Every structure is written in C-alpha cells, then in structure tokens.
Amino acid sequence: LKPSSVHTVTVPGACAGWCDAIERWGTMKMADVLAPVIKLAEDGFPVSVITSHHWNNGAHLLQPPNGHELLIDGKAPQVGQIFKNPNLADVFRAVGQSGKDAFYRGRIGEEIVKLVQSKGGYLSLKDLADHTSTFVEPITTNFR
C-alpha cells in the first residue's frame, strides 16, 4: 500500500492516550492541560525557519478536503508568518470539555469516519468507539 492510501488509516489513538494518561496520572483537568494549546491554535504562532522549510517541502501532500487548513492563502506558511488553526482549537476545546468521547463518539469521530469512507476506507464509528489505550510496563535496568 502507498503511505497515502486510505487503507493505511487506523484508529487515531493519541487523543485517548492523552485523556487516559491525564486521568490515570495527572493532577490537572484535561481542559486546563489543553488551554494553552487552544490559545496557540486560535491566536497563532510565528513560523520558524526550520518549520517553514519542512512545511514547504511537504505542502504538496496536503489534499482536499482539509489540506487547505494547513496553508495560508494556498501556500505553506513562510518564515515569520502567523499560522492559526481554529478548527484544531475547536477539537481540543471539545476534548477538554467532554473528554475522549467528544473525539471517538461525537461529531469529530463522525467527521473522521465520513472522510475516510468517502475515500473508500473502512474505518467505522464502532472502530472509534471500541478504541482503548494500552499502557505497558517499560523495560528498566539498573545502571552501575
């Protein structure tokens, strides 16, 4: 399969991992953890030299329907331009307010499934709803 094939799409686990880690080991509420990220996505940040370079190199990979959200006026952000991502802020806000269910069982999950299936993929709402995080015991050793 080509790396860009819809058939390489799996259930995104990062959101559940964050929520489950905060619930298990955290001392803050998810909304408070995500507040600075939401602000950054809404207000934007100046694009650095290295970020602009790599963004420009990969801009051709950004495709409809949402690729334009990672561009400014149809182009990769240039050094010093302020990049804002209000839709990402909305996703983080929903997760902060409603937890991982906002992502896996709500509108966000429905949109992910709709997009994947529109491209011929098989990801389903049940796949998202059934997702669970796993935490394994890390390998440890004593040094000296």
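A residue is called buried when its relative accessible area is under 20%, exposed when it is over 50%, and partly exposed in between, with a 1.4 Å probe and protein chains only. By that rule, buried residues make up 26% of the 144 residues in the chain.

The model is predicted, so local features are reported only at pLDDT of at least 70 and side-chain atom pairs only at pLDDT 80 or more, while totals for chains, interfaces and linings use all residues. Residues are numbered from 1 along each chain as its sequence is written, and side-chain values use heavy atoms, with hydrogens and water left out.

**Overall layout**

The chain holds 7 helices and 2 strands. Both kinds of element are DSSP runs numbered from the N terminus: helices are H or I with at least four residues, and strands are E with at least two. Their order along the sequence is α-α-β-α-β-α-α-α-α. Taken along the principal axes, the box filled by the C-alpha atoms is roughly 45 × 45 × 40 Å.

A contact means heavy atoms within 4.5 Å. Of the contacts between residues at least 6 apart in sequence, 62% join residues at least 24 apart. The chain exposes about 10200 Å², and carbon and sulfur atoms supply 58% of that area. Accessible areas come from the Shrake-Rupley method with a 1.4 Å probe; for residues, only the protein chains shown count as cover.

There are 14 positive and 14 negative side chains, and the centres of the two sets lie 4 Å apart. Lys and Arg count as positive and Asp and Glu as negative, whereas His and the chain ends are not counted. Each charge is placed at NZ of Lys, CZ of Arg, CG of Asp or CD of Glu.

**Helix α4 and its surroundings**

Helix α4 covers residues 86-98, which is 13 residues. From its first C-alpha to its last, α4 reaches 18 Å, close to the 18 Å expected at 1.5 Å a residue. The expected span is 1.5 Å times one less than the number of residues. Ala-89, Phe-92, Ala-94, Val-95 and Gly-96 are the buried residues of α4. The elements that cover them include α1 (14-25), α2 (30-43), α5 (100-104) and α6 (107-118).

Both flanks of α4 can be described. Asn-85 sits in the loop between β2 (82-83) and α4. Asn-85 counts as buried because its relative accessibility is 12%. Leaving out residues up to four places away in sequence, Asn-85 touches Ala-41 and Leu-70. After α4 comes Gly-99, with a positive phi near 75 degrees.

**Cysteines**

A disulfide is a covalent bond between the sulfur atoms of two cysteines. Here a disulfide is assigned to a pair of cysteine sulfur atoms within 2.5 Å, and a search of the whole structure finds 0 of them. Cys-15 is in no disulfide, and the nearest cysteine sulfur, that of Cys-19, is 4.3 Å away. The sulfur of Cys-19 is unpaired because 4.3 Å to the closest cysteine sulfur, in Cys-15, is too far for a bond. Cys-15 is buried at a relative accessible area of 5%, and Cys-19 counts as buried at 11% relative accessibility.

**Backbone geometry**

Most residues other than glycine have a negative phi, and most peptide bonds are trans. The table gives two residues other than glycine with a positive phi.

| Residue | Phi | Place | Relative accessible area |
|---|---|---|---|
| Asp-73 | near 55 degrees | loop between α3 (49-58) and β2 | 75%, exposed |
| Arg-144 | near 60 degrees | segment after α7 (125-129) | 89%, exposed |

A cis peptide bond, with omega about 10 degrees, joins Pro-64 and Pro-65. Pro-65 is in the loop between α3 and β2, and Asp-73 lies in that loop too.

**Exposed positions and separations**

Lys-75 is also placed in the loop between α3 and β2. Lys-75 counts as exposed because its relative accessibility is 59%. Its C-alpha is separated by 23 Å from that of Pro-3, 72 residues apart along the chain.

Ile-50 belongs to helix α3. At 54% relative accessibility, Ile-50 counts as exposed. The C-alpha atoms of Ile-50 and Asp-32 are separated by 29 Å, and the two residues are 18 residues apart along the chain.
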